[in-house]
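Me: I would like to learn how to read salt bridges in a model. Please take me through some cases.

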Amino acid sequence: MSVRRFIAANSRDAMRQVRAALGEDALILANRRVDAGVEILALAEEPGPADALPVERQAAPREPQAGAASSAARAYLPERQASQSPPVPSRPAPVASVTPAAAQPAPAGNQDQGPPGDFAAFSARLLDEMQDLRMLIADRQARQEPAAGEADKEDNRHRLNCRLQNAGFGNALARELLDALPGELVHGDPSGAAAWLHRQLGGRLEVLEDEAGLLDQGGVFALLGPTGIGKTTTTAKLAARYVMRHGAGGVALITTDSYRVGAHEQLRIYARLLGVEVHALADDAPLGELLAQLDDKRLVIIDTVGMSQRDQRLVGQVAMLGESSQNAPRPVRRLLLLNAASHGETLDEVVETYQRASLAAGAPLYGAILTKVDEAPRLGAVLDIAIRHGLRLHYVSQGQQVPEDLQLADRQALVDQALAVGDDSAFSGDPLEWQRTSSPRRWKSLSRGLFSQGRNLATLFARLREHVGGFAQLESAWPWLGYPLQAQQQQLPRLHAAWRGDGGESAAFGSEPSHGLLWPRSAAVKGSDWYLPAVPLNSEGLAQTLPWATHHQPAGESQKLHFAARLGLHMQWLPRCPVAATRHELDVAGVRWVATTQANTRVSVDGVRHKLAALAAHATPEASRTCRYRGRSVRLKSARLAVALDSPDSLTAWFVNLSDPDSGRSLAHRYWLMPSGDAANGLAAFAAQLAHEELPLLARRAWQWLAPSQAMRVDDELRVWIATALASLAIRLDQEQADWAVDVRGQLLSMLGSGRKRSARALLEALWYLFTARDALLLASGQMLDDRTQP
């Protein structure tokens with residue numbers, strides 16, 4: 001190691017000298033104020049020839065003038081090393097590379113002089129600081145403690161973990177949620193993290209959205225559950241809600257409970273009060289015949305016998321309902337009642353047992369009803385079970401009054417009630433161990449948590465399908481990669497149907513309207529022989545996943561732009577300025593455009609031609625804004641100037657400077673041309689084009705991942721289309737600021753591990769894992785094989 005001394009007028013200049021001489025990894029040993037300013041002692045970890053001391057000081061070692069100095073240093077070193085525990089591999093003592101300087105202070109700016117003053121005292125102090133540092137590093141490695149500040153970084157994650165634990169949610173769901181906490185929320189405002197948690201739980205909790213549709217449609221419903229859970233009372237409450245809406249003539253009640261004393265009589269009392277029919281089914285009587293007799297009733301509710309989840313007769317009881325469905329005109333839909341006051345382990349066992357029995361009877365559980373909510377101190381456990389098992393909650397029961405104490409399940413109210421618990425739980429488990437378990441290992445281990453991963457995939461695909469225009473086309477095109485080559489080619493026309501313009505306007509971009517087109521350069525993507533397709537953007541300048549292949553576009557610049565305008569895309573992001581005739585046609589058609597140009601482009605100002613870069617100082621400053629550019633936040637500062645090209649029409653030249661928002665350091669300059677009078681939308685248009693500068697690079701990366709093999713041949717056109725769509729989606733997710741995108745980013749990046757930061761490149765990799773993971777699940781279930789046989 002090599003110790004060097006730096007003196008400057010202030011700390012900033014001294015640190016600049018340290019970085020220039022020793023690099024960014026230099027170790028600062030000490031700093032102090034001196035007459036000349038600030039003195040810093042720094043250490044280079046692995047000195048190269050350039051880091052060695054000056055030639056005149058690298059000659060054969062000379063004995064120091066103070067002979068006691070070196071002996072004191074040699075005597076000090078063994079004592080410190082002998083006391084070190086645990087042992088750390090040591091390097092040669094830095095004293096050997098430090099030579100005493102002259103007694104006079106070194107001049108300011110001299111960064112190669114040795115330490116001043118008493119050499120022995122300096123050596124002792126230096127070795128003491130270095131040895132303490134080494135012991136600190138060794139101690140951290142031995143205990144595997146996080147570095148300073150890491151605990152603060154996990155504040156929101158720890159806070160949400162405690163909140164979930166206190167509310168009664170289980171470790172599995174809490175780990176699943178917290179692994180997907182977006183990076184920008186880990187260190188952010190706790191209220192933002194809390195809102196994110198509410199969204200995650202609410203988004204995963206399925207509820208009955210339309211009670212009117214259920215009651216109007218009617219059907220046959222069987223209420224299942226353990227003894228004493230409230231099936232008879234809930235049967236009466238459901239019947240009462242129907243009677244209040246449609247009258248008593250269309251509902252009938254059936255009880256199969258012949259075990260519990262007075263069960264029939266209790267239901268008859270409710271039926272008499274409501275004015276509805278009630279039927280008691282004998283043990284050996286077939287249910288199917290009775291259901292056939294009640295075919296004229298719109299709603300039939302069956303109050304089944306209560307059985308423990310460990311009762312061996314449970315499977316037979318549920319199987320009887322399944323057999324009745326086969327013989328009856330209407331299927332029997334099974335609703336499981338869950339006691340909100342039960343322990344999570346008990347609820348988990350109840351759901352698993354009844355779900356298996358229901359599946360064995362021919363159909364899964366239709367949904368669930370929460371009972372005894374008024375008796376539950378915490379709702380986390382029952383909501384956890386409903387989420388992890390994918391049960392749709394229909395109603396919530398919280399008392400004995402009929403029908404007042406039965407309410408339609410409200411996901412937001414349930415989540416709010418569950419998380420409103422303020423005190424700590426005496427029965428919550430140990431803190432989660434998600435910090436010690438690698439997310440990628442859990443993700444790749446599909447044998448564990450398969451149902452959970454499948455639910456996450458379904459949630460991600462549903463949100464992307466809902467919010468990103470064209471994602472449905474990407475989702476449907478992905479499985480074609482596994483088709484035979486001829487079948488792939490047969491499917492390709494479906495991708496280009498949206499760009500035919502048969503109806504005068506495009507309606508095939510999904511629920512999100514398209515606003516304009518991002519046109520690529522008229523050259524092959526670097527490192528390949530294919531051309532990047534055009535990409536549609538929404539009104540906020542964010543990409544949609546429906547690329548327009550180059551060879552499907554009309555020939556000629558003017559024809560392409562007019563065709564796009566005919567499809568309703570009235571904003572064009574161009575890679576170069578169109579010719580004068582095309583500019584005039586676009587102006588007449590009311591089409592807006594913005595074109596990237598170069599610093600050396602020649603324009604005219606007052607009849608004199610100049611290079612564009614030379615006019616920057618004469619431009620009028622305009623607005624500024626912050627945006628994301630290549631995975632980081634940058635500040636855009638704009639200025640404009642009226643110019644002309646090769647025709648009398650007036651254009652506006654825009655000069656944009658990209659700078660670091662913290663330091664103000666300039667990062668890059670960009671230039672655009674656009675029609676005069678469109679200044680209001682200029683900055684947003686520039687930010688949109690800057691955001692997609694990575695598109696060719698990302699598309700090429702995805703294209704490489706899709707390389708054909710001996711086992712899988714891929715059509716070239718399909719390969720380019722999917723690669724461009726994936727790259728567009730990755731940029732969209734990096735740029736999008738809406739809440740849904742924050743949630744999706746967190747879940748995607750959790751697949752890559754907690755160390756990956758937000759960027760379009762990381763999101764592209766995560767999207768690849770997303771699609772391939774779904775392929776693995778579909779392949780395991782056999783669905784993919786069925787799809788591929790029917791292209």
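The turns below go through salt bridges and their surroundings.

Reply: Note at the outset that this is a predicted model.

Me: How many salt bridges does the structure hold?

Reply: A pair counts as a salt bridge when a side-chain nitrogen of Lys or Arg is within 4 Å of a carboxyl oxygen of Asp or Glu. The structure holds 27 of them. One of these joins the side chains of Asp-13 and Arg-16, at 2.7 Å from N to O.

Me: Where do Arg-16 and Asp-13 lie?

Reply: Both are in helix α1, residues 11-22, and they are three residues apart, about one turn of the helix.

Me: Are Arg-16 and Asp-13 buried or exposed?

Reply: Between the cut-offs of 20% and 50% relative accessible area, a residue is called partly exposed. Arg-16 has 46% and Asp-13 has 28%, so both are partly exposed.

Me: Which salt bridges does Arg-732 make?

Reply: Its side chain meets that of Glu-512 at 2.7 Å, N to O. Glu-512 is in the loop between α20 (485-495) and β12 (516-518), whereas Arg-732 is in helix α25 (residues 716-735), so this pair ties together parts that are 220 residues apart in sequence. Arg-732 also forms a salt bridge with Glu-736, at 3.0 Å from N to O.

Me: Are Arg-732 and its partners buried or exposed?

Reply: Under 20% relative accessible area means buried. Arg-732 is buried at 2%, Glu-736 is buried at 8% and Glu-512 is buried at 11%.

Me: Which residues are joined into one network by salt bridges that share partners?

Reply: Glu-184, Arg-628, Asp-734, Arg-745 and Arg-758 are joined in this way.

Notes: Residues numbered from 1 in each chain as written. Predicted model: local features only at pLDDT ≥ 70, side-chain atom pairs only at ≥ 80, totals over all residues. Heavy atoms only, no water. Helix = DSSP H or I, 4+ residues; strand = E, 2+ residues; numbered from the N terminus. Buried < 20%, exposed > 50% of the residue type's maximum accessible area, 1.4 Å probe, protein only.
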